[in-house]
Amino acid sequence: MNTEVLITGAGPTGLVLALWLTRMGVAVRIIDKTAAPGTTSRAMAVHARTLELYGQEQGLAAEVVADGHKVEHLNIWTRGKRTGRMPLGKFGEGLTPYPFVLTYPQDAHEKLLIKHLEAAGIRVERQTELTGFTQDKNGVTAQLKNASGAIEEVMAAYLCGGDGAHSTVRNTLGMSFEGGTYSQIFFVADVEAEGAVTANQEGYFCLNPKDFCLVFPLKKKNIRIIGIVPDDVKKDIATLSFDDVAKRVAADTNLNVTNVNWFSAYHTHHRMADSFRRDRVFLLGDAAHIHSPAGGQGMNTGIGDAINLAWKINAVLRGHIVPDVLNTYAAERMGFARRLLKTTDTAFRFVTGGSYLSGLLCSRLLPYLAPLLFKIPGFGKMAFRTISQLGIAYPRSALSAGSRDLPIVPGDRMPFIAAHADASNAGHWNLQSFGDIPADVKAFCQQHGLAHYSFPYYRVGTAPAAGAFYLVRPDGYVAFAGSVEDVPLLREYITRWRLIFRQKH
């Protein structure tokens with residue numbers, strides 16, 4: 001076998017998958033048909049859950065935060081003035097070490113991931129593309145074509161397709177990619193500008209009766225503008241320029257744009273594959289699902305796919321869990337992608353509905369209603385959990401078992417505990433207990449080589465968690481929840497999945 005895992009596509013999703021697998025000791029090859037990494041900023045938002053997961057890779061989260069720009073407030077701007085200001089940092093405080101939205105251009109993001117991957121001994125094989133593959137119970141046999149046209153046959157245990165919306169892997173499998181294309185043409189521009197919207201380096205959601213415009217700060221006083229090309233601009237998408245949207249941008253934002261560093265116009269889609277797995281072949285990122293850019297969820301979702309899949313492939317390859325665990329990748333990530341697709345599509349259609357009523361609601365009611373909603377106790381934190389992807393949970397996963405009467409239940413993300421940050425996102429299987437835990441629980445952990453973090457007490461909301469323990473997966477989600485009387489059930493859980501914890505990390 002030439003490698004254990006072959007990855008197609010070297011965007012953030014493929015790079016993170018390669019980096020995590022390499023960190024775990026899995027042999028990988030990652031290919032991409034482009035000659036070099038992207039040089040434009042493209043996806044920009046990095047959310048708190050992604051940064052938490054990046055905290056598992058030495059130095060990565062700190063470097064991303066240092067290179068990016070923290071957006072701790074989101075403003076609503078309507079008819080030339082600010083009508084609301086939402087303190088994202090306040091809403092996220094205590095929930096995560098990263099209570100903000102980070103703006104970090106995709107080209108810089110990819111370069112940093114490549115740097116870490118090369119430091120681990122792996123280089124992206126450029127100008128190399130997948131031309132076909134077959135699979136059987138023993139592995140995948142793939143044909144690769146390099147820049148000179150030479151064909152190489154590669155054998156791998158698994159093939160992972162992170163090769164974008166036009167995925168060769170998905171098309172070769174014959175999987176459907178149901179959904180549609182929005183009629184509106186999106187534009188994205190990185191510009192230098194002057195105006196009240198740029199003065200405080202915060203995020204702005206600029207509303208008007210027909211569409212919207214998002215403004216986010218980047219480093220070096222640049223800003224990112226995302227919007228919709230006005231309906232009265234009748235030009236081919238390939239010939240559009242910032243000049244075609246400048247008047248609308250000025251009207252929506254009151255910005256005086258002094259320089260345009262990058263502009264792109266494109267149609268966007270809302271689609272999802274009918275499955276994320278077929279035997280030894282997996283889809284992730286844009287190859288599996290694509291969404292409206294509203295909310296900046298797409299890239300973060302792909303990175304979440306990669307880390308969910310990485311630890312499961314590693315555990316199966318090492319014989320540390322039953323192969324059936326690979327079924328939970330598709331079940332967990334498809335469930336989230338489907339919900340995300342529905343919510344982003346609904347939100348986008350509401351804002352851009354075009355009817356008199358939707359325009360009235362967006363430009364007249366929403367700007368004043370939203371700030372009032374965020375004054376409702378708990379609403380802001382709920383909204384932050386949603387935007388930041390902290391709220392992703394897998395309660396129906398086959399991996400989620402144990403008591404559902406505790407304040408933290410199976411499938412939940414294990415909450416961040418500031419005083420015990422080393423346990424909150426350890427990157428490997430661990431057991432976290434609260435309050436007085438009998439000696440047999442500690443003995444159980446020693447017997448199984450399971451890392452154990454014991455805390456005196458912890459309160460979730462108004463419910464105490466004393467006397468509870470949680471078996472936490474490598475990606476930070478609760479696999480099993482129980483109290484001291486549930487130790488026999490925990491033993492059954494470990495036997496069922498044939499879990500072995502003595503792994504190198």
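Glu125 counts as partly exposed, at 25% relative accessibility, and in this predicted model that residue offers a convenient place to begin. The side chain of Glu125 forms a salt bridge with Arg29, and the closest N and O atoms of the two are 2.7 Å apart. Because Glu125 lies in strand E8 (residues 125-126) while Arg29 lies in strand E2 (residues 28-32), the pair ties together parts that are 96 residues apart in sequence. Arg29, for its part, counts as buried, with a relative accessibility of 16%, so that a partly exposed residue is here joined to a buried one.

A search of the whole structure finds 17 salt bridges, and another of them is formed by Arg42 with Glu110, whose closest N and O atoms are 3.6 Å apart. Here Arg42 is found in the loop between E2 and strand E3 (45-46), whereas Glu110 belongs to helix H5 (residues 106-119), and the pair therefore ties together parts that are 68 residues apart in sequence. At 29% relative accessibility Arg42 counts as partly exposed, while Glu110, at 3%, counts as buried.

Turning to a later part of the sequence, the reader can follow Arg224 and Asp190, whose side chains meet in a salt bridge with a distance of 2.6 Å from N to O. Since Arg224 is in strand E15 (residues 222-228) and Asp190 is in strand E12 (residues 177-194), this pair ties together parts that are 34 residues apart in sequence. In this case both partners, Arg224 and Asp190, are buried.

Salt bridges may also be joined to one another, as is seen with Lys312, Glu332, Arg473 and Asp475, which are linked in a network of salt bridges.

The cysteines remain to be considered. The structure holds zero disulfides, and Cys206 can serve as an example, since the nearest cysteine sulfur to that residue, belonging to Cys213, is 5.5 Å away, whereas a disulfide would require the two sulfur atoms to be within 2.5 Å. Cys206 is therefore in no disulfide, and at 0% relative accessibility Cys206 counts as buried. Cys160 is likewise buried, with a relative accessible area of 0%.

Conventions
Residues numbered from 1 in each chain as written. Predicted model: local features only at pLDDT ≥ 70, side-chain atom pairs only at ≥ 80, totals over all residues. Heavy atoms only, no water. Salt bridge = Lys/Arg side-chain N within 4 Å of Asp/Glu carboxyl O. Helix = DSSP H or I, 4+ residues; strand = E, 2+ residues; numbered from the N terminus. Buried < 20%, exposed > 50% of the residue type's maximum accessible area, 1.4 Å probe, protein only.
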